[in-house]
Amino acid sequence: MKEFGRALLGTVAAPAGNVETYIEVPFKLGGKDLRPDGLIRVRRGSREWTALVEVKTGKNALATEQLENYLDICRDQGFDALITISNEIPPSPDVHPTQVDRRKLRKVALHHWSWADVLASAVLQKEHRGVSDPDQAWVLGELIRYLEHPKSGALEFDDMGADWVPLREAVTSGTLRAGDPTITDVVARFDALIRYASLQLGRRLGADVVVQMSRKERSDPTLRAQILRTGLVDHGVLRGALRIPGTVGDISVTANLRTNTVTCHVDVDAPKTGRATTRVNWLVRQLKTAPDGLRLEAFVVNQRGAGASDLLAVVREDPAVLVLDATRELKAFRLEMSVPMGTKRGRGRGSFIDSVMNAVDTFYEDVVQHLKAWSAAPPKMRPEVATPPGEPAELTSTALSSQDD
């Protein structure tokens with residue numbers, strides 16, 4: 001792993017400044033000998049930025065006491081940050097998977113990368129954005145090859161945890177309560193799964209796919225956990241959303257543990273002009289390769305509750321099935337695909353993780369990537385009207401204001 005660390009630190013972009021990297025630097029703290037896995041120092045002009053690095057592989061988790069000790073070292077040495085890398089996947093890049101004393105973060109920043117994040121970023125940079133320096137390109141390629149090896153210690157997300165089966169059974173039997181101890185771990189792992197799905201999809205697309213959350217959820221991770229907890233207890237569902245650059249809308253992912261289905265949907269604004277059936281046809285024309293079982297729902301302005309809905313196969317034959325009242329303006333559509341939910345906690349056939357990952361990939365490939373947002377046609381220039389032959393110009397007006405047509 002030390003060799004990998006040296007290679008990883010060596011890929012820091014040199015144009016950002018003079019970069020120094022060190023492995024296993026010894027420090028003393030309160031009479032104890034401590035050895036963080038690495039140190040990065042970047043100098044640019046008169047400015048200097050220094051960070052300690054702590055790395056975990058396999059199923060080894062970051063420990064609160066160890067991180068707090070390293071934060072104390074950073075504070076005492078005047079370092080700027082502590083960077084951690086492990087297989088733990090937080091719901092967003094702004095959240096750290098390990099709880100530490102917030103007072104220790106007043107002068108020192110704490111950042112985390114999951115190995116899945118590192119691999120996705122490496123692939124995105126090398127395969128999609130490109131690396132101009134041939135030496136750095138080679139090193140980055142070797143990193144990718146190393147990380148993809150099963151013995152590297154950089155693991156895929158492959159387990160919903162020991163609490164998954166008991167929680168699923170409690171939801172099915174209707175006995176899940178808000179204080180059930182199984183909820184906390186399952187909620188955290190579902191958030192990690194959605195984040196992992198975003199990284200995997202981003203690798204394939206060459207785009208920065210992110211987990212979509214509200215501003216309050218990003219600033220307060222406990223709020224996000226509470227929302228997921230409430231959804232599980234009240235409705236038996238887990239929800240997440242992915243934002244992909246350039247698409248018509250966010251992909252919402254819902255795992256319903258009561259009906260054993262995984263549902264993906266995206267909302268699309270309807271055209272602002274044309275009759276209701278014309279607007280439906282505009283959408284259907286973009287779904288030539290979408291499966292017949294795709295469910296479409298139409299919403300009108302000021303509507304409350306569900307809108308008119310039917311399967312794509314039916315709407316293709318008769319667009320009017322989505323129009324309940326032709327006098328009301330269609331505002332938006334919802335496109336929804338549901339698949340059976342896997343129940344096993346691990347990976348492979350019949351697993352929950354694979355059913356969610358496959359649902360997201362299939363929905364994007366078959367539906368979302370083919371959708372384009374509506375845009376109004378540009379106004380057309382009106383031709384000038386010539387004076388009719390044989391008529392005096394003073395008796396004929398060719399101004400636009402005089403043309404009824």
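Which residues lie nearest the centre of the largest pocket, and how many residues line the largest pocket?

**Entry 1. The largest pocket**

I worked from a predicted model throughout. I found 42 residues in the lining of the largest pocket. Those nearest its centre are Ile-89, Pro-90, Pro-91, Pro-97 and Ala-188. I then looked up the volume and recorded about 1300 Å³ of space in this pocket.

Next I asked which elements give two or more residues to the lining of the largest pocket. I noted strand E7 (109-114), H6, helix H7 (215-219) and helix H8 (221-235). H6 supplies the largest share of the lining, seven residues. I also sorted the lining by class and obtained 17 nonpolar, 12 polar and 13 charged residues.

**Entry 2. Aromatic pairs**

How many aromatic pairs does a search of the whole structure find? I recorded four. I followed up two of the pairs in detail.

For Trp-164 and Phe-352, I read a distance of 4.4 Å between the ring centres and an angle of 35 degrees between the planes, so I entered the pair as tilted. The angle falls between the cut-offs, since planes under 30 degrees apart count as stacked and those over 60 as edge-to-face. I located Trp-164 in helix H5 (residues 164-173) and Phe-352 in helix H11 (residues 352-366); the pair therefore ties together parts that are 188 residues apart in sequence. Both Trp-164 and Phe-352 are buried.

For Phe-190 and Phe-352, the ring centres are 6.5 Å apart and the planes stand at 40 degrees, so this pair is also tilted. Phe-190 belongs to helix H6 (residues 182-205) and Phe-352 to helix H11, and I noted that the pair links distant parts of the chain, 162 residues apart. I found Phe-190 buried, as is Phe-352.

I therefore grouped the three residues under one heading, because the rings of Trp-164 and Phe-352 form a tilted pair and those of Phe-190 and Phe-352 form another. Trp-164, Phe-190 and Phe-352 form one aromatic cluster.

**Entry 3. Ser-152**

Is Ser-152 buried or exposed? I read a relative accessibility of 6% for Ser-152, which therefore counts as buried; the cut-off for buried is under 20%. I placed Ser-152 in the loop between helix H4 (134-147) and H5.

I then looked up the polar contacts of its side chain. A polar atom of the Ser-152 side chain lies 3.2 Å from the backbone oxygen of Leu-147. The side chain of Ser-152 also reaches the backbone nitrogen of Ala-154, at 3.1 Å.

Note on methods. Residues are numbered from 1 along each chain as its sequence is written. This is a predicted model: local features need pLDDT of at least 70, side-chain atom pairs count only at pLDDT 80 or more; totals for chains, interfaces and linings use all residues. Side-chain values use heavy atoms; hydrogens and water are left out. Rings of Phe, Tyr and Trp (its six-membered ring) pair if their centres lie within 6.5 Å; planes under 30 degrees apart count as stacked, over 60 as edge-to-face and the rest as tilted. Helices (H or I, at least four residues) and strands (E, at least two) are DSSP runs, numbered from the N terminus. Buried means under 20% relative accessible area, exposed over 50%, partly exposed in between (1.4 Å probe, protein chains only). On a 1 Å grid over the protein atoms alone, a cavity is a set of points where a 1.4 Å probe fits but cannot get out, and a pocket is an open set with protein on both sides within 12 Å along at least five of seven lines; lining residues have an atom within 4 Å of a point. Grid points are joined across faces, edges and corners, and a volume is the space filled by probe spheres set on the points. Ala, Val, Leu, Ile, Met, Phe, Trp, Tyr, Cys and Pro count as nonpolar, Asp, Glu, Lys and Arg as charged, and the others, Gly among them, as polar. A polar contact is a pair of N or O atoms within 3.5 Å; within protein, one must be able to donate a hydrogen and the other to accept it, and residues adjacent in sequence count only if both atoms are side-chain atoms.
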